[in-house]
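Thanks for making time this morning. I would like to talk through the charged side-chain pairs in this protein, and I will go slowly, so please have the structure open as I speak.

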Amino acid sequence: MTTPDSTRSRPSWRSILIWTAISVAAAIAWAVIALIRGEEVSAFWLVIAALGSYAIGYRFYARFIANRVLQVDDTRATPAERLDDGVDFQPTDRRVLLGHHFAAVAGAGPLVGPVLAAQMGYLPSTMWIIIGAIFAGCVQDMVVLFISMRRNGRSLGQLARDEIGPIGGAAALVGVFSIMIILLAVLALVVVNALAASPWGTFSIAMTIPIALLMGFYMRTLRPGRVLETSLIGVALLVLAIIAGGWVQASSWADAFTLSPQTLVFCLVIYGFVAAVLPVWMLLAPRDYLSTFMKIGTIGLLAVGVLIVAPVLQTEAITDFALDGTGPVFSGKLFPFVFITIACGALSGFHSLIASGTTPKMIQKESQVRMIGYGAMLMESFVAVMALIAACILDPGLYYAMNAPAGVLGTTVESASTAVANLGFTISPQDLQAAADAVGEESLVARTGGAPTLAVGMSEILSSVFGGDGLKAFWYHFAIMFEALFILTTVDAGTRVGRFMLQDTLGNVWKPLGRVSWKPGIWATSAVVVLAWGYFLYAGVNDPLGGINQLFPLFGIANQLLAAIALTVATTVLVKSGRLKWAWVTAVPLAWVAVVTLTASWQKVFSEDPRIGFFAQRERYADALSQGDVLAPAKDLDQMRTVVTNSTVDGVLAAFFALLVVIVILNAAWICWRAVRATEPLPSTEAPYVESKLLVSAGRVSSTEESGAAEDRP
C-alpha cells in the first residue's frame with residue numbers, strides 16, 4: 001500500500017515555526033471571541049479563528065484520517081478507472097472534481113442557516129460552524145466518500161442495506177429517499193424565490209449552461225487535459241455573463257428574462273432532468289466547477305472586505321433568546337435548535353448523498369478523498385462563517401425587522417418599528433425605510449428566510465470597500481443573484497444522486513434498473529425524481545400553505561437525521577473492516593448528532609408549546625377553528641384547516657423519520673457487536689483490489705501503457 005505520506009521525515013524548523021504561528025493566531029482569535037464581553041468585538045477575529053482552525057484541521061486531522069483510519073491506497077484502481085463509461089463513471093481532474101463536489105454540497109444551508117441562527121448570538125454559532133465542521137461534517141463527507149468509492153460508488157441507502165442488513169437497510173432506503181425529495185424541493189423553492197422577477201439573475205444563471213457545455217467539450221475533445229486554460233476561458237465568460245445580466249435588466253430584454261415562479265418551476269424540472277441524464281463531463285461537472293469560481297470568488301471578496309473594514313459585531317455573544325427559547329425568528333432554546341438550524345456549514349446529511357453519488361464515480365485516486373471530501377466541507381464552513389458575519393454586523397433592530405414574521409411586525413415601517421421595540425431593540429421608521437431605499441427595495445419588513453438579510457449584510461461590507469453607499473443597491477442585487485447560483489448547483493447534482501439512489505433501490509427488485517449504463521433505467525428514474533420534488537415545488541409555489549411549504553418545517557431535522565444515518569453506516573463499516581480502534585472518529589460525531597436530532601424530534605412532536613411542537617400547534621389551531629377564529633399565518637377558515645392538516649402531517653413525519661433512524665442505529669449496533677465478537681470478518685461488499693493503471697499529474701491523466709510519464713500540462 002502506498003500513500004502520499006508513506007515516506008515520513010522529521011518536520012523542519014520552518015514548518016514548526018509556521019504551524020506554531022498559525023496555532024497562536026487561532027488561539028488568540030478564539031480567546032477574543034469567547035472571553036471579551038462588554039466591549040466591541042471585530043468580525044476580523046472570526047475570520048482569523050476560522051482560517052487558523054481550518055488549516056490545522058486539514059493539515060493534521062484530515063491527514064491522520066486518510067493515512068491511519070482509512071488507509072488510502074493510490075495503487076488501487078478507483079471505480080472511475082475500472083468502470084469508466086463516459087457517462088457517470090469518469091476519471092476527473094481533482095481540481096474540477098473539487099469544484100463539482102463543493103458546488104454540489106454547498107446550497108442554501110451555509111447561506112441561510114447561520115443568518116437565522118444569529119438570533120442566538122455569534123459565539124455558539126461560530127463554535128458549531130468551525131468545530132462541528134472539523135470534527136463532524138468534514139469527517140462524514142470524507143469517510144462516506146471513501147466507503148462509497150471502495151464499493152463502486154454505491155448510494156448511501158444501498159450502502160446501509162449492504163453493510164447493516166435488510167431491516168436497517170430498508171429503513172435507511174425509505175428514510176434517505178424521502179428526506180432527499182424534501183431537501184431538493186426546499187432548495188429549489190429558494191432558487192425560485194430568488195429568481196422570480198429578477199431578469200439579471202435569471203439571465204446570468206441561464207448563461208452558465210452553454211458556458212459549461214463549452215468547457216465540457218473543450219476539456220474532453222478540443223484540448224484534453226488543459227484544465228487551467230479551460231478555467232480561464234470559463235471564468236472570463238462567467239464574468240461577462242454577470243455583467244451582461246445587469247445590462248439585460250436595464251434593457252428591453254428584461255421582460256423576456258422576467259419569469260413567473262410557475263415558469264421557473266418548469267424550467268428547473270426540465271434542467272434537473274437534462275443534468276441527470278447527460279454524461280457527467282458534458283454539463284454537470286463543468287457547470288459546478290464554473291459555479292465554484294463564482295462562489296469562492298464572492299466569499300473571498302467578502303472575507304477581504306471584512307479584513308479591511310473590520311466591522312464590529314452588533315449581536316451579543318449569547319442572546320437571551322438562546323436561553324429562554326422565545327426568539328421571534330424561530331422558537332426553541334440553543335440546545336438543540338442551533339445545531340439543527342445550522343446544518344450545512346457544520347454537519348449536513350445532504351452532503352453524504354453527494355459523497356455517495358456523483359463524486360465517488362469520478363475520483364481518480366484514493367488519496368484525493370482528503371482534498372475533495374474534507375477540503376470542500378472546510379470551504380463550505382467558511383461560507384457559513386461569512387454568512388454569520390454578514391448577519392451579525394447589522395443593527396439588531398434591522399435584523400429583527402427583516403426576520404421576524406409578518407404576523408408580529410405588521411406590514412408598515414411604523415408597525416415594524418413598534419414591534420421591534422417590544423422585542424427590546426430600536427429602529428425608527430425612517431431608518432427602516434432608508435435601509436430599504438439604499439438597496440433599491442420598496443420595503444425590508446418581514447423579508448424572512450435569511451437570504452435578503454444576507455444580501456443586505458454583504459452589501460454593507462462590499463460597499464464599504466468597493467464603491468461606497470452609492471453601490472449598495474448593486475451589491476445587494478448581486479448578492480441575491482449569487483445566492484440563487486449558489487443553491488441551484490445542489491439541485492442538479494442532487495437530482496442525479498436521486499437517480500442513482502432510485503436505481504440502486506429498484507435494482508434489488510429488478511437487476512436491469514440497477515445498471516447505471518442502461519439508458520431506459522436512467523431516463524425513467526430521473527423522471528421519477530424530478531417529478532417527485534417538482535410536484536411539491538409547484539404546489540408550494542401556488543399555495544403558501546401547501547406543497548413544499550407544508551414540509552418546510554421538517555427541513556432542518558430531516559437533514560440532520562440523514563447525517564445520523566450516514567455516520568452510522570460509516571461507523572459500521574469501520575468496525576466490520578477491522579478498524580475498531582479508529583471507529584471513534586465517526587462514532588463520536590454520530591453520538592452527538594443522534595442526541596441532538598432525536599432531542600429536537602422529541603420536542604417537535606411532544607412539546608406542549610405550540611411554537612415548537614407540531615401537535616401542540618395542531619391543537620391550538622383546531623381549538624381556534626372550532627370557535628370560528630382565524631390565527632396568523634392563516635387568513636380564513638379554509639387556511640386554518642390547512643394549518644391543522646399541515647401540523648398533523650409534519651408531526652407524523654417527524655416521528656416517522658426519527659423512528660427510522662433509531663431502527664438503523666440499533667440494527668447497526670447489533671452488527672458492530674457481532675463483528676467485534678466474531679472470529680472471522682463479517683461479509684463485506686468492498687470491491688476486490690485491482691491495480692491502478694492511471695498516472696495522475698496536476699493537469700493530465702494517462703495510463704501506464706502510454707509512452708513516457710504523465711506530463712504536467714496546465
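Let me begin with a question: which side chain meets that of R447 in a salt bridge? The partner is E441, and the N to O distance for this pair is 3.3 Å. Please keep in mind that what we are looking at is a predicted model. As for its surroundings, R447 has a relative accessible area of 26%, and because the partly exposed class runs between 20% and 50%, that is where R447 belongs.

The next pair is E460 with K472, whose side chains form a salt bridge with an N to O distance of 3.1 Å. This pair links distant parts of the chain, since E460 sits in helix α21, residues 451-465, while K472 belongs to helix α22, residues 472-507, and the two are 12 residues apart. Is K472 buried or exposed? K472 is buried, because its relative accessible area of 13% falls under the 20% cut-off, whereas E460, at 29%, is partly exposed.

Further along the chain numbering, D609 and R611 make a salt bridge in which the closest N and O atoms are 3.0 Å apart. Here both partners are partly exposed, with a relative accessible area of 22% for D609 and 47% for R611.

Finally, there is a group to look at beside these pairs: R76, R150, E366 and E686 are joined to one another in a network of salt bridges. And how many salt bridges does the count come to? The total is 17.

Terms used:
Residues are numbered from 1 along each chain as its sequence is written. This is a predicted model: local features need pLDDT of at least 70, side-chain atom pairs count only at pLDDT 80 or more; totals for chains, interfaces and linings use all residues. Side-chain values use heavy atoms; hydrogens and water are left out. A salt bridge is a side-chain nitrogen of Lys or Arg within 4 Å of a carboxyl oxygen of Asp or Glu. Buried means under 20% relative accessible area, exposed over 50%, partly exposed in between (1.4 Å probe, protein chains only). Helices (H or I, at least four residues) and strands (E, at least two) are DSSP runs, numbered from the N terminus.
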